Amino acid sequence: MSKTKRERKELVNKANPLSVKRQVELLELSRSSYYYQPKGESELNLHLMRKIDEEHLEKPWLGVPRITEWIRKDVGIQVNPKRIERLFKLLEISAIYPKPRTSKMSKGEHHKVYPYLLRNKVIHYPNQVWAMDITYVPTQGGFLYLNAIIDVYSRYIVGWSLSNTMTAEWCRNTLKEAIEKYGEPEIVNTDQGSQFTSKEFCQYLEERYPTMQISMDGKGRAIDNIFIERFWRSAKYEHIYLNPSEDGLTCYKGISNYMSYYNQSRRHQSLGYETPGNIYFKDIKSIA
């Protein structure tokens, strides 16, 4: 059976005339694996993740050693660097300084890295360049991941999605929905996260959208994707951190309201105090 254990667990339906016992047998699952609920992160880890994320927004050049010392001395929690390193990976963040040989993949890895196409590029119109990224969103007792796509010219958010796991399929579907709604961009820029460099993501884009160019940041260089990074900062300080969500549904509704505000009402100094929605739709008509 080609499906993963997680995918097979999702096929089990208590409303099915077959018993759960028979369904898991047919799906080659043990009953214990079906009923097992993964243990979430501890309260300490969730607290540390929130602190790390806040500090990373302010000082993205700090790596594991200095964040560890900051937590020990300024936050007052004695932590092991290995714990902080693990939480960095869970948050999918890293210090922004360039790292040696970052484009070389290990043997056996089916990941592809594309060149960064935006250096010195002047962006003149909507749908010329989209930038895509993932960030951590805290909730009470847990956390989610937010995937968003920004039109770099207008700062308009053309697509977004929430998930409790980060998968290439999730990222692919978020981009697919944005393209179906707003049209295909000339360039889509991402970081070198495993979701974006995976065969499932890259091969799909190459085959489905052959004229669209794929661009990727240098690893550990948040500055390359500065527009989406600025959006994360705005979203977190203006909404997410001010309105802690009780659960996933509350989180989704709150972010949905913020996205509408950001696109339609929030005026940007860099846009001549226009809103992203006004700029996007006004200028997309002029090139239609």
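## A buried loop serine and its surroundings

Ser245 is buried, with a relative accessible area of 6%. Under 20% counts as buried, so the label fits Ser245 at 6%. The model shown here is predicted. Ser245 sits in the loop between H10 and H11. Leaving out residues up to four places away in sequence, Ser245 touches Thr139, Gln140, Thr250 and Cys251.

A second loop residue gives a contrast. Asn164 lies in the loop between strand E3 (156-163) and H7. Is Asn164 buried or exposed? Asn164 counts as exposed, because its relative accessibility is 54% and the cut-off for exposed is over 50%. Asn164 still has partners: with residues up to four places away in sequence not counted, Asn164 touches Leu144 and Tyr145. Asn164 and Gly142 are 22 residues apart in sequence. In space, their C-alpha atoms are 9.4 Å apart.

The two loop residues are set out below.

| Residue | Loop | Relative accessible area | Class |
|---|---|---|---|
| Ser245 | between H10 and H11 | 6% | buried |
| Asn164 | between E3 and H7 | 54% | exposed |

Next come the helices on either side of the Ser245 loop. Two packed helices are described by the angle between their axes and the distance between the axes. Helix H10 covers residues 226-240, and helix H11 covers residues 248-264. H10 and H11 pack at an angle of about 120 degrees. Their axes are 11 Å apart. That angle makes H10 oblique to H11. The crossing of H10 and H11 is right-handed.

Which residues of H10 and H11 make the contact? From H10 come Phe231, Ser234, Ala235, Glu238 and His239. H11 supplies Gly254, Ile255, Tyr258, Met259, Tyr261 and Tyr262. By class, the contact of H10 with H11 has 7 nonpolar, 3 polar and 1 charged residues.

Helix H9 (residues 199-208) shows another side of the fold. Its buried residues are Phe201, Cys202, Tyr204 and Leu205. Why do the buried residues of H9 line one face of the helix? Seen down the axis of H9, they fall within an arc of 165 degrees, so they line one face. Lys199 and Glu207 are exposed, on the face of H9 turned away from its buried side.

The cover over the buried residues of H9 includes both strands and helices. Among the strands are E1 (129-139), E4 (187-190) and E5 (213-216). Helices H7 (168-182) and H8 (194-197) also take part in this cover.

Note on methods: Residues are numbered from 1 along each chain as its sequence is written. This is a predicted model: local features need pLDDT of at least 70, side-chain atom pairs count only at pLDDT 80 or more; totals for chains, interfaces and linings use all residues. Side-chain values use heavy atoms; hydrogens and water are left out. Axes are lines fitted to C-alpha atoms, for helices over the stretch in contact, and angles run from 0 to 180 degrees between N-to-C directions. Helices (H or I, at least four residues) and strands (E, at least two) are DSSP runs, numbered from the N terminus. Angles under 35 degrees count as roughly parallel, over 145 as roughly antiparallel, 65 to 115 as roughly perpendicular and the rest as oblique. A crossing is left-handed if the near helix is turned anticlockwise from the far one by less than a right angle, and right-handed if clockwise. Contact means heavy atoms within 4.5 Å. Ala, Val, Leu, Ile, Met, Phe, Trp, Tyr, Cys and Pro count as nonpolar, Asp, Glu, Lys and Arg as charged, and the others, Gly among them, as polar. Buried means under 20% relative accessible area, exposed over 50%, partly exposed in between (1.4 Å probe, protein chains only). The arc is that of the directions from the helix axis to the C-beta atoms.
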